[in-house]
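Work through the following exercises with the model open beside the text. Each one sets a task and then solves it step by step.

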Amino acid sequence: MKELVSASQDEAPSRLTQFRGGLRAALRVALDVALPPLCPSCRAPLGDGVGLCAECWSKLSLIEPPYCARLGIPFTYDPGPGLLSMEAIANPPAYDRARAAVRYDDIARALVLSFKYGDRLDLAPMMGRWMARAGRELLSEADALLPVPLHWRRLWARRFNQSAALAGTISDIGGVPVLHGALKRVRATPQQVGLSKTERADNVQGAFRVPADEKAHVAGRRLVLIDDVLTSGATVDTCARALLRAGAVHVDVLVFARVVAAVRSPI
């Protein structure tokens with residue numbers, strides 16, 4: 001069986017990428033010595049601390065029960081165990097369950113943007129810990145974690161896959177191995193930002209595929225897709241469909257943040 005490797009081994013970087021990454025790390029160490037660490041959300045000094053400042057932490061909206069058993073959307077009151085949201089009943093996804101650590105509010109958005117576009121890979125351990133806590137039920141039943149892949153062009157431009165970095169932290173915490181290469185993004189797609197739910201689904205249609213030589217590593221397995229943000233769910237739904245067609249018996253989704261409407265009620 002193909003070896004399950006850590007997220008740091010997801011894509012072998014070029015020598016130039018390695019050099020640039022090492023240079024950025026060295027510069028960051030130098031800055032940490034010269035300057036106090038800053039809150040990744042508001043840039044306030046943290047002193048000797050790590051993570052968020054007290055004010056930003058108080059504004060962060062963790063997702064806790066009660067929530068929809070299928071989609072993980074928080075309810076305004078507890079309707080009892082196992083109840084589903086109207087969204088889950090009206091438009092059930094291909095995946096079985098979705099869980100998120102936090103609501104995608106201003107604080108979460110700042111963290112995601114710093115992590116994804118600001119070379120703040122140091123945020124992965126903190127964000128991954130919160131995800132492992134939110135998804136402990138999913139992780140206890142999983143055979144492997146599977147980060148949502150980037151197209152090779154976007155991976156080259158960004159230099160790392162944020163989902164793979166999060167999967168590595170969650171794997172270390174939960175003891176569930178990371179399966180790389182089993183799902184490929186075979187078509188480059190425009191950014192989803194600004195698209196409607198229908199446009200998002202059309203945008204990623206056919207964008208993911210399990211290669212023929214990887215199907216043996218997917219068939220019969222219980223998988224957890226890892227991503228940073230869940231908005232409409234179009235991307236993870238398309239990924240789940242590709243994995244289920246390849247023989248996966250169960251696909252769950254675990255993300256750092258998900259978009260939640262201001263008011264959510266059960267049926």
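Helix axes are lines fitted to C-alpha atoms over the stretch in contact, and their angles run from 0 to 180 degrees between N-to-C directions. The structure examined here is a predicted model.

**Exercise 1.** Determine how helix H4 and helix H5 are oriented to each other, and which residues make their contact.

*Solution.* Begin with the axes: those of H4 (residues 106-117) and H5 (residues 124-134) come within 11 Å and cross at roughly 130°. Because angles over 145 degrees count as roughly antiparallel and 65 to 115 as roughly perpendicular, H4 is therefore classed as oblique to H5. The crossing in which H4 passes H5 is left-handed. Next, list the contact residues, which are Leu111, Val112 and Phe115 on H4, together with Ala124, Met126, Met127 and Trp130 on H5. Sorted by character, the residues of this contact comprise 7 nonpolar, no polar and no charged.

**Exercise 2.** Decide whether Ser171 is buried or exposed, and place it in its surroundings.

*Solution.* Ser171 lies in helix H8, which spans residues 162-174. Its relative accessibility is 16%, and because buried means under 20%, Ser171 counts as buried. Leaving aside residues up to four places away in sequence, Ser171 touches Leu145, Val176, Pro177 and Val178.

**Exercise 3.** Establish how many disulfides the structure holds, and examine Cys53.

*Solution.* A search of the whole structure finds 0 disulfides. For Cys53, the nearest cysteine sulfur is that of Cys56, 3.5 Å away; because a disulfide requires sulfur atoms within 2.5 Å, Cys53 is in no disulfide. Cys53 is buried, with a relative accessible area of 11%, and Cys239 is also buried, at 0%.

Conventions: Residues numbered from 1 in each chain as written. Predicted model: local features only at pLDDT ≥ 70, side-chain atom pairs only at ≥ 80, totals over all residues. Heavy atoms only, no water. Helix = DSSP H or I, 4+ residues; strand = E, 2+ residues; numbered from the N terminus. Buried < 20%, exposed > 50% of the residue type's maximum accessible area, 1.4 Å probe, protein only. Contact = heavy atoms within 4.5 Å. Parallel < 35°, antiparallel > 145°, perpendicular 65-115°, else oblique. Left-handed = near helix turned anticlockwise from the far one by under 90°. Nonpolar A, V, L, I, M, F, W, Y, C, P; charged D, E, K, R; others polar.
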